[in-house]
Amino acid sequence: MFKIAAARLATASFASVAVKRTAALRPAAAVAAVRSFAPLAPIRRFAHGTVNKDVSEKVLAELKYEQDALADQDTSFIEEFKKKGVWKVEEKAGSKEVHIVRTFGNEKITVYFNTDALQGEDNFDEAEQEDVEPELPVVTSVIIEKAGSDTALEITATAQDGAFFIDHVSVVKPAAVALDQTAEGDWIRRGQYGGPVFGDLDEGLQEVFHKYLEERGFDTGLANFIGLYIEDKEQREYRDWLKTLNDFVSK
């Protein structure tokens, strides 16, 4: 290591001497030409960005449009759903996640879904036929736990057009892993055998699984509620996002 350092020092010294000797051999006019630079324009410093006001105005205009549209939005379906007392809706402001919970006998059923379903809305609209207006599909994750059991059932089902279409069924053990929404929990679930492709199961077994969900309240009303609720959630989060954005750029 020391030999390498010494070699580097020697090289650096040689380069320094070479530069000096080269400069000494140049004509004076050439040296002056090299050292002659055009004056630099002074650097302008701004206390605030010059486009901040433009961004703020556009954001406020969009926010006003969204707030005015509230008058045409009917959210009575949310209160009607809650009054039935079957499902409990749980969510946090600022989060894209929503989950609803209910009990069924000795079972606890949790249904997870989020606003990511709306990200494919533009592509979905372009693909639909003119004479058919299907609802946007919302993928849900259904976790069913049983008292005294360390195993949980996870069913992935798509809510669309007033119905649930099962995509996958898996058994998760321990049950806590099924509810673990962290990256570690997801990694553990991915490492477990998740069962066969649902469409490859016997048709009779597929039908029974759909009846299994229906018995637990996965009906037309719930499918429609999930689609409407996630759209309402997206709009609320969007308005809050616009407010927060304006607060930042306007200061």
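Modeller: Let's start with three words we'll need: Ala, Val, Leu, Ile, Met, Phe, Trp, Tyr, Cys and Pro count as nonpolar, Asp, Glu, Lys and Arg as charged, and the others, Gly among them, as polar. Keep in mind that this model is predicted.

Biologist: Thanks! How many residues of each class are in the lining of the largest pocket?

Modeller: That lining has nine nonpolar, nine polar and five charged residues. The pocket holds about 490 Å³ of space. It is lined by 23 residues, and those closest to its centre are Ser141, Glu154, Thr156, Asp186 and Arg189.

Biologist: What makes Glu154 a charged residue and Ser141 a polar one?

Modeller: Glu is on the charged list, whereas Ser is on neither list, so Ser141 counts as polar.

Biologist: Which elements give two or more residues to that lining?

Modeller: They are strands E3 (107-114), E4 (138-146), E5 (152-160) and E6 (163-172), together with helix H7 (183-191).

Biologist: And what lines the second largest pocket?

Modeller: This one has about 260 Å³ of space. Of its 14 lining residues, Phe81, Lys84, Asp219, Gly221 and Leu222 are the closest to the centre. Helix H4 (76-83) and H9 each supply at least two lining residues, and H9 gives the most, with five. By class, the lining has seven nonpolar, three polar and four charged residues.

Biologist: Now the sheet. Why are E1 and E6 called edge strands?

Modeller: Look at the order first: the open sheet of six strands runs E1-E2-E3-E4-E5-E6, with antiparallel pairing. Strand E1 (88-91) and E6 each pair on one side only, and that makes them the edges. From one strand to the next, the twist averages 25°.

Biologist: How do you know that E4 and E5 pair?

Modeller: Pairing needs at least two bridges, and eight join these antiparallel strands. They therefore pass the cut-off. Across from Ile144 you will find Leu153 in E5.

Biologist: Which strands does H9 touch as it packs on the sheet?

Modeller: H9 touches E1, E2, E3, E4, E5 and E6, and its direction makes about 30° with that of E1. Helix H8 (residues 203-215) lies across strand E2 (97-104), E3, E4, E5 and E6, at about 100° to E6.

Biologist: One last puzzle: why is Lys251 called exposed?

Modeller: Its relative accessible area is 72%, and exposed means over 50%, so Lys251 earns the label. This residue lies in the segment after helix H9 (220-249). Lys251 and Lys53 are 198 residues apart in sequence, yet their C-alpha atoms are 9.5 Å apart in space.

Methods: Residues are numbered from 1 along each chain as its sequence is written. This is a predicted model: local features need pLDDT of at least 70, side-chain atom pairs count only at pLDDT 80 or more; totals for chains, interfaces and linings use all residues. Side-chain values use heavy atoms; hydrogens and water are left out. Helices (H or I, at least four residues) and strands (E, at least two) are DSSP runs, numbered from the N terminus. Buried means under 20% relative accessible area, exposed over 50%, partly exposed in between (1.4 Å probe, protein chains only). On a 1 Å grid over the protein atoms alone, a cavity is a set of points where a 1.4 Å probe fits but cannot get out, and a pocket is an open set with protein on both sides within 12 Å along at least five of seven lines; lining residues have an atom within 4 Å of a point. Grid points are joined across faces, edges and corners, and a volume is the space filled by probe spheres set on the points. Axes are lines fitted to C-alpha atoms, for helices over the stretch in contact, and angles run from 0 to 180 degrees between N-to-C directions. Contact means heavy atoms within 4.5 Å.
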